[in-house]
Amino acid sequence: MKHLIDICDLSVSELDSLMEKAIDIKNNPEKYSEKCKGKKLATLFFEPSTRTRLSFEAAMYELGGNVLGFSEAGSSSSSKGESVADTARIVGCYADIIAMRHPKEGAPLVASMKAGIPVINAGDGGHHHPTQTLADLLTIKIKKGGFDNLTVGLCGDLKYGRTVHSLIMALSRYKNIKLVLISPEELRIPNYVIKDIIIPNNMEYVETADLEKAIPELDILYMTRIQRERFDSLETYERLKDSYILNRAKLNNAKKDLCILHPLPRVNEISVDVDDDERACYFEQALNGKYMRMALILKLLGIDGKNIEKNTSEEELCYDYKCENPRCITSVEQELPHIFKKSDKDNGVYRCIYCESKAKNN
Ligand code: NCD
């Protein structure tokens with residue numbers, strides 16, 4: 001059974017073929033309009049969403065399939081205390097594929113272990129959001145022709161912004177990418193992203209708080225929203241919420257072919273006067289997300305092309321530690337086994353399989 005839990009579940013060549021397929025779907029929609037006839041997608045959204053959920057649903061309808069599901073935890077049995085594992089097992093009896101969004105890190109991984117059908121992570125807490133990365137990559141590919149040698153600015157909430165974590169993971173596999181990580185001190189990229197992804201892949205990077213100074217050298221500027229729902233203190237959010245506001249004036253020194261991306265929704269970090277600038281690509285990016293999700297559904301259902309070829313080499317698992325990350329799915333679902341795996345990237349340290357937190361005393 002194949003799933004998409006983090007973006008590295010897809011190899012670079014699989015990403016290439018998904019992008020090729022998405023472009024073909026975009027150009028020849030009628031060729032694909034019955035490919036998923038008789039198939040059902042379940043959208044299990046325990047957290048709010050507009051683009052991700054609706055683009056998954058539109059994707060399935062445009063492939064001739066059907067959709068069932070819920071758009072908030074309150075309308076599912078999780079409000080009665082049902083576990084993610086049980087929900088997934090039940091939905092596996094009713095649908096052919098699941099797209100799941102959940103506030104806890106690792107919840108879609110738990111679902112993938114129990115559902116018996118392919119599971120797509122549509123965002124798990126502040127952790128990963130691989131299908132947003134599919135939209136980002138296709139847009140970059142269309143605008144820039146490829147990924148090597150780009151200087152990519154990521155700006156805003158780099159701490160809680162899951163889209164940023166997944167995008168860095170994806171970009172780490174291309175050549176000579178320079179990252180400019182622009183955030184307030186409190187919202188800097190998590191240390192594990194630097195230690196496990198950026199450094200081992202020899203990516204050049206700088207951290208700065210100054211957007212305007214960074215702009216002139218950028219090929220891509222990826223703006224993000226300050227993630228209010230993930231803050232422990234509303235006061236800190238209030239202090240940081242207006243850290244960056246991109247407007248036309250700030251683009252005066254930008255490259256003529258800068259590509260401005262944003263996973264959306266925006267609050268005020270891109271002012272509307274930027275929308276008409278030809279460098280603003282974020283609405284096109286949202287549309288590209290639908291085509292990439294169509295290509296992904298076809299792939300995971302094995303309808304068009306091969307399913308994901310995941311490296312199934314034996315992983316060294318360990319059951320002796322307890323995950324202490326309050327954002328991990330294990331913090332709310334007591335019956336879940338705490339499982340850690342040895343990470344090659346950092347010399348045999350054990351990490352929680354759900355949220356990647358390090359085992360304590362390790
Ligand atoms: C993003 C998300 O949910 O992480 N939105 C989306 O899926 N396009 C970004 C965000 O909410 O800020």
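In this predicted model, helices α2 and α6 (162-171) each contribute at least two residues to the shell around the ligand, helices being DSSP runs of H or I with at least four residues, numbered from the N terminus. Residue numbers start from 1 along each chain as its sequence is written, and side-chain values rest on heavy atoms, with hydrogens and water left out. Local features were accepted at pLDDT of at least 70 and side-chain atom pairs at pLDDT 80 or more, whereas totals for chains, interfaces and linings use all residues.

The ligand is surrounded by Arg51, Thr52, Arg101, His129, Gln132, Arg162, Thr163, Arg225, Gln227, Pro263, Leu264 and Pro265, where a residue counts as near if one of its heavy atoms lies within 4 Å of the molecule. By class, this shell holds three nonpolar, five polar and four charged residues; Ala, Val, Leu, Ile, Met, Phe, Trp, Tyr, Cys and Pro are taken as nonpolar, Asp, Glu, Lys and Arg as charged, and the others, Gly among them, as polar. Polar contacts, defined as pairs of N or O atoms within 3.5 Å, place a polar side-chain atom of Thr52 at 2.8 Å from an oxygen atom of the ligand, one of Gln227 at 2.8 Å from a ligand oxygen, and one of Arg101 at 3.0 Å from a ligand oxygen. Taken alone, the ligand exposes 320 Å², of which the protein buries 94%, the areas being obtained by the Shrake-Rupley method with a 1.4 Å probe.

Internal space was examined on a 1 Å grid over the protein atoms alone, a cavity being a set of points where a 1.4 Å probe fits but cannot get out, with lining residues having an atom within 4 Å of a point. Grid points were joined across faces, edges and corners, and a volume is the space filled by probe spheres set on the points. By this rule, two cavities of 30 Å³ or more are found.

The largest cavity has a volume of about 50 Å³ and is lined by Arg51, Ser55, Gln132, Ala135, His262, Pro263, Gln285, Ala286, Gly289 and Arg293. At least two residues of this lining come from each of α2 (51-62), α5 (130-144) and α10 (282-300), and α10 supplies the largest share, four residues. The lining of the largest cavity divides into three nonpolar, five polar and two charged residues.

The second largest cavity contains about 40 Å³ of space, and its lining consists of Gly156, Thr224, Arg225, Ile226, Lys241, Tyr244 and Glu269. Two of these residues are nonpolar, two polar and three charged.

How values were computed: On a 1 Å grid over the protein atoms alone, a cavity is a set of points where a 1.4 Å probe fits but cannot get out, and a pocket is an open set with protein on both sides within 12 Å along at least five of seven lines; lining residues have an atom within 4 Å of a point. A polar contact is a pair of N or O atoms within 3.5 Å; within protein, one must be able to donate a hydrogen and the other to accept it, and residues adjacent in sequence count only if both atoms are side-chain atoms.
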